[in-house]
Every structure is written in C-alpha cells, then in structure tokens.
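Work through these exercises with the model open beside you. Try each task before you read its solution.

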Amino acid sequence: DAVELFESLPEMDSYRRELLLAVAYAARNETAQSQAQIDQILTRYPDDVGAHLLVGQFYFATGQLDDSRRYLERALELDPGNVRAREIIARIDFRQDDYAAGQSALESVLADDPENLSALIMLGEMATLDNRADEAVQLLERATEVAPGNATAYALLARARLAAGDAAGARADADRAFEIAPDSSIVLLAMGEVSFGAGRYREALGFFAEATTRQPDLAVAWHRQARAQLALGDRDAARVALERALELQPNLLVASAQLALLDSGEGNTDAALSRVRGLKTAFPDRAAPEVLEAEILMQTEDYAGAAAAFERGYAIEPSANVAIRTYQAYVLAEEENAGLLENWLASHPDDARVRAVYSEYKRRSEDDNAAIAELEKAVASDPDNEVALNNLAYLLHQQGDARAEELARRAVALRPEL
C-alpha cells in the first residue's frame with residue numbers, strides 16, 4: 001500500500017518522504033505514526049519555512065485547524081512575506097467564523113500580490129455573502145482576467161452578478177463556466193442559481209441534483225436542491241435534502257433554519273422553536289437564530305414576541321431588513337414603534353427603502369407633511385424607487401399638489417402594474 005511504498009523510498013535530502021508517510025498514515029487513521037513523521041520533520045528542519053508551511057497545510061487538510069495555524073504562523077515568523085501561509089491562515093479564519101480576520105489577511109495578500117487568484121476569489125465570494133455585490137463583481141472580474149480559463153472564477157462571478165441584479169450577465173458568466181468545466185459542482189451550483197433566479201425552478205433542480213450526484217458530500221448542494229424542491233411545492237423531498245445537508249455539515253445554519261420554518265409551516269411550532277434554541281446555542285453571536293424565532297412567532301401571530309426577537313437580532317447584527325420587519329411586527333401588534341427604523345437611518349441616511357417605510361410610520365401618525373418629507377428624501381437618494389415615487393405622488397395628490405401627476409407617471413413607467 002501507500003505506506004509500504006513510501007517507506008521503501010530512499011532517504012531524501014528534504015522532508016518530503018516523511019510528509020508523504022504522514023499523509024499515508026493519516027489516510028489509514030494511524031494517528032500516532034502520522035504524528036511521528038511530522039515530529040521527525042520539525043526536529044530535522046526546525047527553522048525551515050517550507051517545512052512549517054507543509055506541516056501547516058497537512059494539518060489544514062486533516063481539519064486540525066489550531067495546529068495548522070500554529071505552524072503557519074511559525075512559517076510567517078521565518079518569512080513574514082510568505083503569501084501562501086497568509087492565504088491558508090485566512091481560510092482557517094473563515095472556517096472558524098472570524099470573517100474580519102480572514103478578510104484582513106486576504107487584503108494583505110492582495111496588497112503584496114494584486115493578481116493572487118485565491119485572494120481575489122475568496123474576497124469576491126465573501127463580498128457576495130456580505131451583500132456587497134458590486135464589490136464582489138469587481139474582484140471576481142479581476143480574477144477572470146488573471147485566469148481566463150478558471151471555471152470557479154466565472155461561476156462565482158455569475159453569483160455576484162445575480163446578487164447585483166444583472167441576470168443577463170450572470171447567465172453569460174455561468175454559461176462560460178459551464179463551457180470550461182461542465183462537471184464541476186461549483187459550476188453546476190452557479191447554473192442552478194441563475195436558473196432559480198429566473199424562476200425556472202425545474203431547470204434549477206436539475207442542476208442542483210446533478211451537483212449532489214457529482215459531489216454527494218457537498219452540503220450546500222443539498223441545501224440548494226431543497227430550495228428548488230420547496231419552490232416546486234415538494235416539501236417532503238425538501239425535508240429529506242435538508243436533513244442530508246445537516247448530516248454532512250451539522251453547523252449549516254441556513255439548512256437548520258429552513259427545517260425550522262418547515263416545522264412551523266406544518267403547525268409543529270414546538271419542534272421549530274426547539275431547533276431555534278439549538279441554533280442560539282451553536283451561534284450565540286449571530287442574529288439569524290433570533291430573526292428565525294421572530295419569523296416563526298410571526299407565523300403564530302405572536303407579534304409582540306416577534307418584535308422582541310427581531311430587536312434582539314438587530315442588537316447583534318443591525319440590518320435594514322430586520323429594522324423593517326421589527327416595525328411591521330409592531331404594527332401588527334397594534335403598537336407604533338419605529339425606533340429601529342430611526343436607528344438605521346441615523347447611520348444610513350440614504351437608504352431609500354427604509355426611509356419609504358419610515359414615511360408610512362409618519363403617515364400612520366397622521367403627519368402627512370412629515371411623510372412627504374421622508375418620501376422626498378427617499379426619491380432624492382433613489383430616483384428610480386417606484387414605491388417611494390408612487391406613495392409620494394398619492395400624498396401630493398391628496399394635497400392638490402401639481403407635482404403628483406409627473407411623479408405618478410415616473411412610478412408607472414418603472415412598474416406598469418402600479
């Protein structure tokens with residue numbers, strides 16, 4: 001076998017024989033023998049950058065992230081400019097949910113090496129996940145320029161364009177990725193997401209299912225498959241796919257959240273809230289479990305409880321969506337409370353969507369002039385916000401203001417069904 005083969009190799013001048021043996025022993029779950037080979041490398045080469053880098057990579061590959069970080073940091077002590085060590089440390093940061101540290105590490109890599117493909121791709125993917133779609137598009141476009149034949153770069157660029165609202169560009173990039181690597185799971189996921197975004201759920205399901213066939217241990221593929229199945233109304237199949245995703249990745253928050261919503265939608269509120277309690281324990285510093293609890297309570301018409309849960313989520317991770325949902329929960333609870341809308345606008349004064357919702361609060365408070373002032377600010381920030389235009393036209397018409405007709409025409413031109 002591999003161990004016998006590597007043991008039969010003659011002694012080498014470097015540490016590669018020991019590393020190959022360590023990998024082979026690890027593959028056979030012979031941990032002590034694998035560790036002995038690693039110890040031998042570090043004893044023979046205590047100040048060798050390459051040795052520490054390779055050992056760090058070995059531990060990263062075997063999931064021993066703290067050990068990996070220790071040896072990679074030693075490699076950086078020996079060679080502060082080592083890009084590969086910083087790159088892997090960033091990956092460790094992401095695996096350990098320290099996204100700020102990971103981003104900082106990758107930005108330092110990119111500062112020293114502006115064409116570092118891994119840094120461009122990871123920063124682009126992170127920007128997409130962080131709802132910074134325009135920034136993600138810029139980073140991933142650079143990645144495709146650096147490596148025009150890299151299917152992953154095109155697949156992730158497709159996702160970023162989709163998030164930025166460029167459906168045609170997303171389709172073109174996904175098609176390009178598919179031309180390069182039609183069997184790649186990442187590419188199949190991108191194709192599925194583009195199809196899903198266009199409302200072609202059956203087509204999307206085909207791509208997601210193919211991804212799970214190509215890579216059965218990819219939890220995110222099972223989650224995407226479940227989303228398509230839910231869109232097609234197949235709740236039972238979706239539940240099976242979500243449970244499979246969690247078998248593969250127990251901390252996959254979105255899959256647990258979707259199962260909780262399925263439970264709640266089927267009237268099993270106790271099971272749903274039990275899942276939420278587990279998520280709160282697993283992710284104490286994330287807003288998602290609190291927001292999930294709030295959505296479940298909204299389904300049960302416990303609007304006051306939902307508002308409180310939304311507020312807890314906002315305190316952890318402020319966002320426009322949570323501010324809006326909190327206000328909506330208070331309205332349903334027959335309480336006028338726009339505190340989080342005001343909080344969000346204090347730091348994001350140009351957020352037209354939140355300001356339009358805040359204008360509703362002013363209107364409900366029977367202060368139409370204040371509502372008009374808020375809508376005018378929203379339109380100034382986003383001249384194509386059809387909701388703000390329509391609502392402003394209505395209020396001005398109520399006051400006999402001649403500007404109403406022109407604003408209404410603009411709103412209808414943007415959305416004819418208004």
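**Exercise 1. Which residues of helix 14 meet which residues of helix 15?**

Solution. Keep in mind that this is a predicted model.

Step 1. Start on helix 14. Its contact residues are Ala219, Trp222, His223, Gln225, Ala226, Gln229 and Leu230.

Step 2. Move to helix 15. The partners there are Arg235, Ala237, Ala238, Ala241, Leu242, Arg244, Ala245 and Leu248.

Step 3. Sort the contact by class. It has ten nonpolar, three polar and two charged residues.

Step 4. Look at the geometry. Two packed helices are described by the angle between their axes and the distance between the axes. The axes of helix 14 (residues 219-231) and helix 15 come within 8 Å. They cross at roughly 165 degrees.

Step 5. Classify the angle. Angles over 145 degrees count as roughly antiparallel. Helix 14 is therefore roughly antiparallel to helix 15.

Step 6. Add the hand. The crossing of helix 14 and helix 15 is left-handed.

**Exercise 2. Is Ala238 buried or exposed? Place this residue in its surroundings.**

Solution.

Step 1. Find Ala238 in helix 15, which spans residues 235-248.

Step 2. Check the accessibility. The relative accessible area of Ala238 is 0%. Buried means under 20%, so Ala238 is buried.

Step 3. List the contacts, leaving out residues up to four places away in sequence. Ala238 touches Ala226, Gln229 and Leu230. These three residues also belong to the helix 14 side of the contact in Exercise 1.

Step 4. Compare sequence with space. Ala238 and Gln258 are 20 residues apart in sequence. Their C-alpha atoms are 9.5 Å apart.

**Exercise 3. Describe how helix 3 meets helix 4.**

Solution.

Step 1. Locate the pair. Helix 3 covers residues 31-44, and helix 4 covers residues 49-61.

Step 2. Read the geometry. The two axes come within 10 Å and cross at roughly 160 degrees. Helix 3 and helix 4 are therefore roughly antiparallel. Their crossing is left-handed.

Step 3. Name the contact residues. Helix 3 supplies Ser34, Gln35, Ile38, Ile41 and Leu42. Helix 4 supplies Ala51, His52, Val55, Phe58 and Tyr59.

Step 4. Sort them by class. Seven are nonpolar, three are polar and none is charged.

**Exercise 4. What do Thr144, Arg161 and Glu290 touch? Check the burial of each residue as well.**

Solution. In every contact list here, neighbours within four places in sequence are left out.

Step 1. Take Thr144, in helix 9 (residues 133-146). At 9% relative accessibility, Thr144 is buried. Its contacts are Ala153, Tyr154 and Leu157. Thr144 and Ile121 are 23 residues apart in sequence, yet 9.3 Å apart from C-alpha to C-alpha.

Step 2. Take Arg161, in helix 10 (residues 151-163). Arg161 is buried, with a relative accessible area of 15%. It is in contact with Val137, Glu141, Asp166, Gly169, Ala170 and Asp173.

Step 3. Take Glu290, in helix 18 (residues 288-299). Glu290 is buried at 12% relative accessible area. It touches Lys280, Ala309, Arg312, Gly313 and Ile316.

**Exercise 5. Where do Glu334 and Glu366 lie, and what is notable about phi?**

Solution.

Step 1. Recall the background. Most residues other than glycine have a negative phi.

Step 2. Examine Glu334. Its phi is positive, near 60 degrees. Glu334 sits in the loop between helix 20 (320-332) and helix 21 (339-347). Its relative accessible area is 77%, so Glu334 is exposed.

Step 3. Examine Glu366. Its phi is also positive, at about 60 degrees. Glu366 sits in the loop between helix 22 (352-364) and helix 23 (368-381). Its relative accessible area is 74%, so Glu366 is exposed.

**Exercise 6. Summarise the whole chain. How many helices and strands does it have?**

Solution.

Step 1. Count the elements. The chain has 25 helices and zero strands.

Step 2. Give the dimensions. The C-alpha atoms fill a box of roughly 95 × 50 × 40 Å along the principal axes.

Step 3. Turn to burial. Of the 418 residues, 45% are buried.

Step 4. Turn to the surface. The chain exposes about 20600 Å². Carbon and sulfur atoms supply 48% of that area.

Step 5. Finish with contacts. Take those with a separation of 6 or more. Residues 24 or more positions apart account for 43% of them.

Technical notes
Residues numbered from 1 in each chain as written. Predicted model: local features only at pLDDT ≥ 70, side-chain atom pairs only at ≥ 80, totals over all residues. Heavy atoms only, no water. Axes fitted to C-alpha atoms, helices over the stretch in contact; angles between N-to-C directions. Helix = DSSP H or I, 4+ residues; strand = E, 2+ residues; numbered from the N terminus. Parallel < 35°, antiparallel > 145°, perpendicular 65-115°, else oblique. Left-handed = near helix turned anticlockwise from the far one by under 90°. Contact = heavy atoms within 4.5 Å. Nonpolar A, V, L, I, M, F, W, Y, C, P; charged D, E, K, R; others polar. Buried < 20%, exposed > 50% of the residue type's maximum accessible area, 1.4 Å probe, protein only. Areas by Shrake-Rupley, 256 points an atom, 1.4 Å probe, with all protein chains shown as cover.
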